[in-house]
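Hello,

Here is the structure I promised to pass on. Have a look at it first, and my notes follow underneath.

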Amino acid sequence: MTGIEELLLSRIRDVQDYPEPGVVFKDITPLLADPAAFTALTDELAEISVRSGATKIVGLEARGFILGAPVAVRAGLGFIPVRKAGKLPGATLGQTYDLEYGSAEIEVHAEDLSAEDRVMVVDDVLATGGTAEASLQLIRRAGARVAGVAVLMELGFLGGRARLEPALDGAPLEALLKV
């Protein structure tokens, strides 16, 4: 394990039985509260984004906003929020995706992405991969190219990587921590 991995893991708190019995929630708020850990995380994700040739960072609601915005600033790139349906004013492009029980929709401002853009998706956790997969479809529908997906933590037992691989179409998926 590298020093950055040790630092990040040491600042992630396990919360038993949240949000329901049997679930161990990975709480990143202690990491965000520690300026050294938060800076290290931001620097790592920014380095991945620059290395990928990204021109924009997409942050997925809501913790992807917390991570993606400082990553974009650090990397000198634009930041684009991908929000739940109905939260953005103006013309939007939406993408529906399936959840375990039902469906959801995410949106982006239609004019924020163009054919010249290479987009890195940043989020805190890759779990089942549904939201990330929908965001890749949305990015391509907006005419932009996918530079990759970068996350703080991948919950491997939930199979998100396998779900996401076809949608990545060769673009990298980088997780700083694998749980």
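**What I found**

Let me start with one residue: at 42% relative accessibility, Asp 14 counts as partly exposed. The cut-offs here are under 20% relative accessible area for buried, over 50% for exposed, and partly exposed in between, with a 1.4 Å probe and protein chains only. Please keep in mind that this is a predicted model, where local features need pLDDT of at least 70, side-chain atom pairs count only at pLDDT 80 or more, and totals for chains, interfaces and linings use all residues. Residues are numbered from 1 along each chain as its sequence is written, and side-chain values use heavy atoms, with hydrogens and water left out.

**Salt bridges**

The structure holds 12 salt bridges, each being a side-chain nitrogen of Lys or Arg within 4 Å of a carboxyl oxygen of Asp or Glu. In one of them, the side chain of Asp 14 meets that of Lys 26, at 2.7 Å from N to O. This pair links distant parts of the chain, with Lys 26 in strand E2 (residues 24-27) and Asp 14 in strand E1 (residues 13-16), 12 residues apart. The element names come from DSSP runs, numbered from the N terminus: helices are H or I with at least four residues, and strands are E with at least two.

Another salt bridge joins Glu 133 to Arg 163, at 2.8 Å from N to O. It also links distant parts of the chain: Glu 133 is in helix H5 (residues 130-141) and Arg 163 is in helix H6 (residues 160-168), 30 residues apart. Arg 163 is partly exposed, with a relative accessible area of 31%.

A third one stays inside a single helix. Arg 51 and Glu 47 both lie in H3 (residues 35-51), four residues apart, about one turn of the helix, and their side chains meet at 2.6 Å, N to O. Both are partly exposed, Arg 51 at 47% relative accessibility and Glu 47 at 39%. Together with Glu 174, these two residues form a network of salt bridges.

**Helix H6**

The buried residues in H6 are Gly 160, Leu 164, Ala 167 and Leu 168. Seen down the helix axis, they fall within an arc of 95 degrees, so they line one face of H6; the arc is that of the directions from the axis to the C-beta atoms. On the other side of H6, Ala 162 and Pro 166 are exposed. The cover over the buried residues includes strand E7 (118-126), H5, strand E8 (145-154) and strand E9 (173-178).

Right after H6 comes Asp 169, in the loop between H6 and E9. Its phi is near 50 degrees, a positive value in a residue other than glycine, and Asp 169 counts as exposed at 66% relative accessibility.

**The largest pocket**

The largest pocket has a volume of about 1,400 Å³. Of the 39 residues lining it, the closest to its centre are Arg 63, Val 125, Ala 127, Thr 128 and Leu 158. E7 gives the largest share of the lining, five residues. By class, the lining has 23 nonpolar, four polar and 12 charged residues.

For the terms: on a 1 Å grid over the protein atoms alone, a pocket is an open set of points where a 1.4 Å probe fits, with protein on both sides within 12 Å along at least five of seven lines, and lining residues have an atom within 4 Å of a point. Grid points are joined across faces, edges and corners, and the volume is the space filled by probe spheres set on the points. Ala, Val, Leu, Ile, Met, Phe, Trp, Tyr, Cys and Pro count as nonpolar, Asp, Glu, Lys and Arg as charged, and the others, Gly among them, as polar.

**Loops worth a look**

Leu 88 is in the loop between E4 and E5 and counts as buried, at 14% relative accessibility. Leaving aside neighbours within four places in sequence, Leu 88 is in contact (heavy atoms within 4.5 Å) with Pro 81, Arg 83, Glu 107, Val 108 and His 109.

There are also cis peptide bonds: one runs from Tyr 18 to Pro 19, with omega near 5 degrees, and another from Glu 61 to Ala 62, with omega near -5 degrees. Pro 19 sits in the loop between E1 and E2.

Best wishes
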